[in-house]
Amino acid sequence: MKEKLIFDYTRPGKTGVLCSGPAGSPERHLPADLIRKDYANLPEVSEVETVRHFTRLSQLNYGVDSGFYPLGSCTMKYNPKINEKTASLEGFAGLHPMIPDSLAQGALRLICELQEYLCRITGMQACSLQPAAGASGEFTGLLMMRRWHQVKGTAHKNEIIIPDSAHGTNPASVALTGFRVVEVKSNSQGWVDIEALKQVVNENTAGLMITNPNTLGLFDGNIRQVADIIHAAGGLVHYDGANLNAIMGKCRPFDMGFDIVHMNLHKTFSTPHGGGGPGSGPVTVTKELRDFLPGPIAARSGDSFFMDHDLKHTIGKVTGFHGNFAVMVKAYTYIRMLGSAGLKAASETAVLNANYLLKLLDQHLKRDFPQFCMHEFVLSGRELPNGVHTLDIAKRLLDYGYHAPTIYFPLIVKEAIMIEPTETESLETLDAFASTMVRICEEAAANPELLKQAPVSTPVRRLDEVNAARKPVLCA
Ligand SMILES: *Cc1c(COP(=O)(O)O)cnc(C)c1O
């Protein structure tokens with residue numbers, strides 16, 4: 001279906017706007033040589049047609065505010081509207097980033113307290129809110145590792161170990177920082193294979209980056225041993241905490257043996273995301289690494305707050321000014337609204353919701369790991385009948401009005417379907433989604449052609465992905 005353009009409504013002579021106000025025609029105020037000789041090519045439409053056209057276009061976009069969004073690894077939870085209200089308070093939104101500390105005490109207090117909350121949640125001792133996204137937090141952690149090794153006299157260490165279940169940004173950040181990526185296998189349980197880890201650790205090991213729970217939605221029960229092995233080799237351990245949704249108030253990366261953590265405020269701590277930003281990917285660290293943080297960081301002195309520039313080994317700035325401040329206000333609001341008991345309850349509900357949905361779906365799609373899951377789970381479409389693939393299931397879900405889950409990731413599960421319901425969804429929503437998934441699995445048996453053509457009811461039908469990749473049309 002081809003979408004109408006606003007020009008398609010044009011009828012000569014129609015207008016939606018009156019240019020001449022009480023002061024008369026605008027031409028009166030313009031010098032003669034600036035007045036155009038012919039009419040501009042503008043649509044001739046009425047106001048109501050214009051409003052309806054653009055309102056309808058805005059509704060073609062799918063978002064968390066319009067429906068269930070089970071995109072695994074992305075934590076598409078509902079973002080409370082009060083966050084937007086606080087972030088747009090004039091005192092925050094209108095603050096100039098170069099204003100002196102003494103005139104920005106409220107904003108500095110918010111930054112400082114948010115640093116402290118994130119330290120408490122992760123168990124760490126110092127924090128910088130500068131990084132602008134998850135990948136930016138990874139990059140920051142890796143730069144700190146490099147600087148640490150330079151200061152310790154172990155600058156030859158140039159390898160970072162990453163599990164084969166890792167998020168794609170992890171190896172990309174490692175390469176960007178100039179380290180070499182060394183992959184370690186997962187075992188049949190979905191955890192890091194300890195024997196394989198021992199094989200790849202050596203005297204060039206600078207550190208390891210890992211997510212726990214990992215991208216299979218499983219908590220690696222050997223995590224402390226993994227950290228010990230890296231520490232024994234003189235390396236540091238970075239926790240990819242993009243999704244803390246399963247562990248807030250339940251356990252802390254510090255106690256698992258980590259030195260550096262990054263978090264995505266725009267996932268766990270509720271900021272609308274998915275359209276490309278803005279985000280925020282703070283890092284928290286142990287006290288030994290405080291001086292390496294990107295500075296300045298906020299600090300207290302009695303009742304007042306200031307930006308502390310005195311970090312001896314700082315890697316320097318990783319973003320302009322203080323980072324994405326509006327995202328910090330939203331995260332702060334979210335944390336204060338829930339309190340520590342509420343954060344814990346959010347994690348418990350996220351895990352409960354995921355396990356409930358897993359139980360409803362695991363008789364219909366292949367499941368590789370029998371354990372309970374954490375905030376998300378991975379199933380596989382590899383045993384679907386009639387040559388139906390995971391992609392077809394995802395496309396068919398669009399016909400039923402859902403956003404598709406993450407598919408074909410993590411890479412270690414063939415035909416992967418990765419589902420993360422989050423804590424903000426009701427029992428009714430989970431039941432309705434599960435029965436739709438079951439119905440699609442039945443369609444795979446009864447009417448596979450339908451699935452291979454899906455989506456059939458969306459404004460844009462199935463895309464030719466091969467052609468799109470080989471011959472992209474980058475401007476219309
Ligand atoms: C989302 C995510 C990232 C990357 O975060 P961005 O803000 O998109 O850069 C890294 N690791 C994991 C596990 C993630 O889910």
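**Figure 1. The largest nonpolar core of the predicted model, with the residues Leu114, Leu118, Leu197 and Phe269.** This core comprises 57 residues, among which Leu114, Leu118, Leu197 and Phe269 touch the most other members. Helix H10, which spans residues 325-361, contributes the most to this core, namely 11 residues. At least three residues of the core come from domain 2 (81-339), and at least three come from domain 3 (344-470). In soluble globular proteins, nonpolar side chains tend to be buried together.

**Figure 2. The domains of the protein chain.** The domain assignment divides the chain into domain 1 (6-60), domain 2 (81-339) and domain 3 (344-470). A distance of 46 Å separates the C-alpha centres of domain 1 and domain 3.

**Figure 3. The shell of residues around the ligand.** The ligand is surrounded by 14 residues, and those that come nearest are Ser73, Gly134, Asp240, His266 and Lys267. By class, the shell consists of 3 nonpolar, 8 polar and 3 charged residues. Helix H5 (residues 134-152) supplies 3 residues to the shell, the most of any contributor.

**Figure 4. Contacts of Ser73, His266 and Lys267 with oxygen atoms of the ligand.** In Ser73, a polar side-chain atom is placed 2.7 Å from an oxygen atom of the ligand. For His266, the distance from a polar side-chain atom to a ligand oxygen atom is likewise 2.7 Å. The side chain of Lys267 has an N or O atom that lies 2.7 Å from an oxygen atom of the ligand. On its own, the ligand has 380 Å² of accessible area, of which the protein covers 86%.

Terms used
Residues are numbered from 1 along each chain as its sequence is written. This is a predicted model: local features need pLDDT of at least 70, side-chain atom pairs count only at pLDDT 80 or more; totals for chains, interfaces and linings use all residues. Side-chain values use heavy atoms; hydrogens and water are left out. A residue is near a molecule or strand if one of its heavy atoms lies within 4 Å of it. A polar contact is a pair of N or O atoms within 3.5 Å; within protein, one must be able to donate a hydrogen and the other to accept it, and residues adjacent in sequence count only if both atoms are side-chain atoms. Accessible areas come from the Shrake-Rupley method with a 1.4 Å probe; for residues, only the protein chains shown count as cover. Helices (H or I, at least four residues) and strands (E, at least two) are DSSP runs, numbered from the N terminus. Ala, Val, Leu, Ile, Met, Phe, Trp, Tyr, Cys and Pro count as nonpolar, Asp, Glu, Lys and Arg as charged, and the others, Gly among them, as polar. Domain bounds come from an automatic or database domain assignment. A nonpolar core is a set of buried Ala, Val, Leu, Ile, Met, Phe, Trp, Tyr and Cys residues joined through side-chain atoms within 4.5 Å. Buried means under 20% relative accessible area, exposed over 50%, partly exposed in between (1.4 Å probe, protein chains only).
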